[in-house]
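Visitor: I should like to understand the terms applied to this model. Could you set each value against the criterion behind it?

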Amino acid sequence: MPYILLLLCLTLFSCEIINPEEDIASAIFINNIELETNTNLGTKSSNITDAWLYIDDEFLGVYPLPAQIPVLKNGQQEIIIEAGIKKNGINASRMSYPYYNRFTINKELIPNQTCSISPIVNYNIDNFPYQENFEGNGTILNVLTDSVNHSIEKIYSNINDPILGNTYGEIVISGEEGEVFECRTNSLSLPKDKQVYLEMDYKSSSNFVVGIYAANSQTTEKTAIIYLNEKEDWNKTYISLSESINSFGNAYSNFNIFIGMSRNIEQESNKLLLDNIRIVYEQ
């Protein structure tokens with residue numbers, strides 16, 4: 001009998017080792033991350049696609065929105081969420097956007113219950129070195145083209161639209177094959193030691209290109225950065241400029257960002273709508 005009791009105890013003890021008691025998960029639900037801006041920074045145009053989640057400074061992963069996230073932490077917790085974007089619009093280049101601040105909140109996580117969080121983020125800079133939102137008189141984009149009668153027309157949208165504001169820019173080309181439209185910013189001194197982004201809302205009936213001019217006292221070079229596909233609906237993109245800026249080296253100190261579109265004669269006309277063009281970096 002003592003032998004049987006000893007064997008039973010050892011069996012029960014070994015089961016506890018093999019099958020330890022599991023933690024019961026709670027969950028965090030994030031539908032979307034909202035951007036808020038002040039008047040100086042324009043409308044709250046954003047395209048936040050992911051939540052980067054930290055709990056008590058432990059990184060738990062990147063979650064496409066909306067997200068239901070199981071976590072094995074319970075009780076009162078400090079939850080930190082960073083706003084994630086797709087760099088250059090590429091799915092494989094997801095990153096925490098460096099110019100949105102973190103959202104921090106303390107919440108009690110309860111086993112088998114879902115905690116809903118509605119993060120709000122802001123820009124962590126005070127102003128944009130360059131911004132064109134088409135709300136003022138005229139435009140600060142310079143129109144360059146090898147043909148005539150091209151311009152950026154200001155179109156009035158819905159009053160107080162939270163994304164487009166009151167107006168946006170429209171470009172239409174409808175001539176012969178080979179016709180080209182191009183506009184560019186004024187000359188800019190862009191840093192090589194900081195992350196530089198071009199933010200832009202656009203809607204286009206055909207493909208177009210975003211690129212950069214780099215100049216020094218003797219020469220100017222031009223290169224494409226990214227080709228963007230047509231979009232039937234308004235789309236927000238975050239384009240990294242740093243790689244292109246640094247590729248020119250220290251000999252080049254002045255830059256212009258350009259937007260160009262070539263005539264596609266398969267369409268009756270080619271239309272490009274632009275708004276909220278922002279060059280963003282820490283000054």
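The conversation below takes up burial, strand pairing, sheets and pockets in turn.

Visitor: What is the secondary structure of the protein chain, and what kind of model is this?

Guide: The model is predicted. The secondary structure of the protein chain comes to two helices and 21 strands. Of its 283 residues, 42% count as buried. Among contacts between residues at least 6 apart in sequence, 74% join residues at least 24 apart.

Visitor: Why is strand 21 called largely enclosed?

Guide: A residue is buried when its relative accessible area is under 20%. In strand 21 (residues 270-280), ten of the eleven residues are buried, and therefore the strand is largely enclosed by the rest of the structure.

Visitor: How do you know that strand 16 pairs with strand 21?

Guide: Pairing requires at least two bridges between two strands. Strand 16 (residues 197-204) and strand 21 share seven bridges in the antiparallel sense, so the criterion is satisfied. Within this pair, Tyr-202 stands opposite Leu-274 of strand 21.

Visitor: Which bridges join strand 14 and strand 11 to strand 21?

Guide: Strand 14 (residues 165-173) is paired with strand 21 over five bridges, in the antiparallel sense. There, Ile-171 is opposite Leu-272 of strand 21. Strand 11 (residues 130-132) also runs antiparallel to strand 21, with three bridges. The bridge partner of Tyr-130 in strand 21 is Ile-279. Given that at least two bridges are needed, both cases therefore count as pairs.

Visitor: What makes strand 5 and strand 9 edge strands?

Guide: They belong to an open sheet of three strands in the order 5-1-9, with mixed pairing. Strand 5 (67-71) and strand 9 (114-117) each have a single partner strand, so one side of each is left without a neighbour in the sheet. Neighbouring strands of this sheet are turned by 25 degrees against each other on average, direction ignored. Strand 1 (residues 26-30) pairs with strand 5 over five bridges in the antiparallel sense, and Phe-29 has Gln-68 of strand 5 as its bridge partner.

Visitor: Which strands are at the edges of the five-stranded sheet, and how do you know?

Guide: This open sheet has the order 12-15-20-17-18 with antiparallel pairing. Strand 12 (142-144) and strand 18 each pair on one side only, which identifies them as the edge strands. Strand 18 is joined to strand 17 (residues 208-215) by eight bridges, the two running antiparallel. One residue of this pairing, Ala-215, stands opposite Thr-220 in strand 18.

Visitor: What lies around the largest pocket, and which elements contribute to its lining?

Guide: The largest pocket holds about 300 Å³ of space. It is lined by 16 residues, of which Gly-89, Tyr-202, Lys-231, Asn-235 and Thr-237 are the closest to its centre. Strand 18 (220-228) and strand 19 (231-240) are the elements that give two or more residues to this lining. The largest share, five residues, comes from strand 19.

Visitor: What makes three residues of that lining charged?

Guide: Asp, Glu, Lys and Arg count as charged. On that basis the lining of the largest pocket has three charged, eight polar and five nonpolar residues.

Visitor: Why are two residues lining the second largest pocket called charged?

Guide: About 160 Å³ of space lies in the second largest pocket. Its lining includes Glu-34 and Lys-44. Glu and Lys are both on the charged list, so these residues are classed as charged. The full lining has two charged, three polar and four nonpolar residues.

Notes
Residues numbered from 1 in each chain as written. Predicted model: local features only at pLDDT ≥ 70, side-chain atom pairs only at ≥ 80, totals over all residues. Heavy atoms only, no water. 1 Å grid on protein atoms, 1.4 Å probe; cavity = no way out; pocket = protein on both sides within 12 Å on 5 of 7 lines; lining within 4 Å. Points joined across faces, edges and corners; volume = space filled by probe spheres on them. Helix = DSSP H or I, 4+ residues; strand = E, 2+ residues; numbered from the N terminus. Buried < 20%, exposed > 50% of the residue type's maximum accessible area, 1.4 Å probe, protein only. Contact = heavy atoms within 4.5 Å. Axes fitted to C-alpha atoms, helices over the stretch in contact; angles between N-to-C directions.
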